[in-house]
Amino acid sequence: MDFLPKAIAKYSEDHTTQDVDLLHQITRETHLEVLKPRMLSGHLQGRVLSMISHMISPKNILEIGTYTGYSALCLAEGLSDQGELVTIERNEELEHKILNYFKNSPYREKLHLKIGDARKIIPQLENTWDLIFIDADKESYQTYFDLTIDQVRTGGFILIDNVLWSGKVADDDKNDKATQSIRAFNQRMHADPRVENVLLPIRDGIMILRKL
């Protein structure tokens, strides 16, 4: 995930608004207590998610892949006054930890956690989404997009994480199944006439889609 020279990355972090205490707590405890802490969005990406959410001021946000709740709380910062965020996590062992963080957040009344398979939960949701963040199992990215694109309002946004896959997508010598899957997904998004896209080389890559 380290694409920038360390000095530039540190400078960018140092000149980005700092996290609130709860986000610092989630970062610290995730690294101490949870497997694969690199899955956490982290400071710079979290502030990008917050900034995009503030720009949109969404009424309805859907997140696919909660992990320990860091990115959900960042996205919630930009919700409109009557806005709500639904986040889906398949790892039931994280439920208590996530709910505890949400309980201590000023957005607690706006956050709704659903535990289970997103492929089964999404069709049951009747919201029209202003903003979607996809950060779950990579092999299902196309499925998540297909399940949600018709639920996104015209002019709404979909953010997709890990689309650079540690830089492997740009390395012709890397052809493992996961890398090929991400490459194919990126190409399909780039060619899909229903959206316009920009791929940002932030952390592990964020694809921003705007529904036309």
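The exercises below, each with a worked solution, concern a predicted model.

**Exercise 1. Packing of two helices**

Determine how helix 7 and helix 8 are oriented to each other, and which residues meet.

Solution.
- Step 1. Locate the elements: helix 7 covers residues 141–148 and helix 8 covers residues 177–191.
- Step 2. Take the geometry. The two axes come within 10 Å and cross at roughly 30°.
- Step 3. Apply the cut-off: angles under 35 degrees count as roughly parallel. Helix 7 and helix 8 are therefore roughly parallel to each other.
- Step 4. List the contact residues. Helix 7 contributes Y141, Q142 and F145, and these meet I182, F185, R188 and M189 of helix 8.
- Step 5. Sort the residues of this contact by type: five are nonpolar, one is polar and one is charged.

**Exercise 2. The nonpolar cores**

Describe the largest nonpolar core and name the elements that supply it.

Solution.
- Step 1. Give the size: the largest nonpolar core has 31 residues.
- Step 2. Pick out the residues with the most contacts inside this core, which are I26, L73, L75, L85, F102 and L159.
- Step 3. Assign the core to elements. At least two residues come from each of helix 2 (21–33), helix 3 (43–56), helix 4 (70–76), helix 5 (95–103), strand 3 (111–115), strand 4 (129–134) and strand 7 (206–211).
- Step 4. Find the main supplier: helix 4 gives the most, with six residues.
- Step 5. Look at one member in detail. Leaving aside residues up to four places away in sequence, L85 touches I61, A72, L75, A76, L79, K110, L111 and H112.
- Step 6. Note that a second, separate core exists; it has 28 residues, including L125, A136, I149 and I158.
- Step 7. Set this beside a general tendency: in soluble globular proteins, nonpolar side chains tend to be buried together.

**Exercise 3. Three salt bridges compared**

For the pairs D14 with K10, R47 with E77, and R210 with E196, state where the partners lie and whether they are buried or exposed.

Solution.
- Step 1. Begin with the total, which is nine salt bridges.
- Step 2. In the pair D14 and K10, the closest N and O atoms are 2.7 Å apart. Both residues lie in helix 1 (residues 6–14), four residues apart, about one turn of the helix. D14 counts as partly exposed because its relative accessibility is 45%, while K10, at 53%, counts as exposed.
- Step 3. In the pair R47 and E77, the closest N and O atoms are 2.9 Å apart. This pair links distant parts of the chain, with R47 in helix 3 and E77 in the loop between helix 4 and strand 2 (84–89), 30 residues apart. R47 and E77 are both buried. Together with D19, they are linked in a network of salt bridges.
- Step 4. In the pair R210 and E196, the N to O distance is 2.7 Å. R210 is in strand 7 and E196 in strand 6 (residues 195–200), 14 residues apart. R210 is partly exposed, at 30% relative accessible area, and E196 is partly exposed as well, at 39%.

**Exercise 4. The surroundings of D137**

Where does D137 lie, and is D137 buried or exposed?

Solution.
- Step 1. Place the residue: D137 is in the loop between strand 4 and helix 7.
- Step 2. Check accessibility. The relative accessible area of D137 is 11%, so D137 is buried.
- Step 3. Find contacts beyond four places away in sequence: D137 touches R90 and Y144.
- Step 4. Compare sequence with space. D137 and I64 are 73 residues apart in sequence, and their C-alpha atoms are 9.3 Å apart.

Definitions and conventions
Residues are numbered from 1 along each chain as its sequence is written. This is a predicted model: local features need pLDDT of at least 70, side-chain atom pairs count only at pLDDT 80 or more; totals for chains, interfaces and linings use all residues. Side-chain values use heavy atoms; hydrogens and water are left out. Axes are lines fitted to C-alpha atoms, for helices over the stretch in contact, and angles run from 0 to 180 degrees between N-to-C directions. Angles under 35 degrees count as roughly parallel, over 145 as roughly antiparallel, 65 to 115 as roughly perpendicular and the rest as oblique. Contact means heavy atoms within 4.5 Å. Ala, Val, Leu, Ile, Met, Phe, Trp, Tyr, Cys and Pro count as nonpolar, Asp, Glu, Lys and Arg as charged, and the others, Gly among them, as polar. A nonpolar core is a set of buried Ala, Val, Leu, Ile, Met, Phe, Trp, Tyr and Cys residues joined through side-chain atoms within 4.5 Å. Buried means under 20% relative accessible area, exposed over 50%, partly exposed in between (1.4 Å probe, protein chains only). A salt bridge is a side-chain nitrogen of Lys or Arg within 4 Å of a carboxyl oxygen of Asp or Glu.
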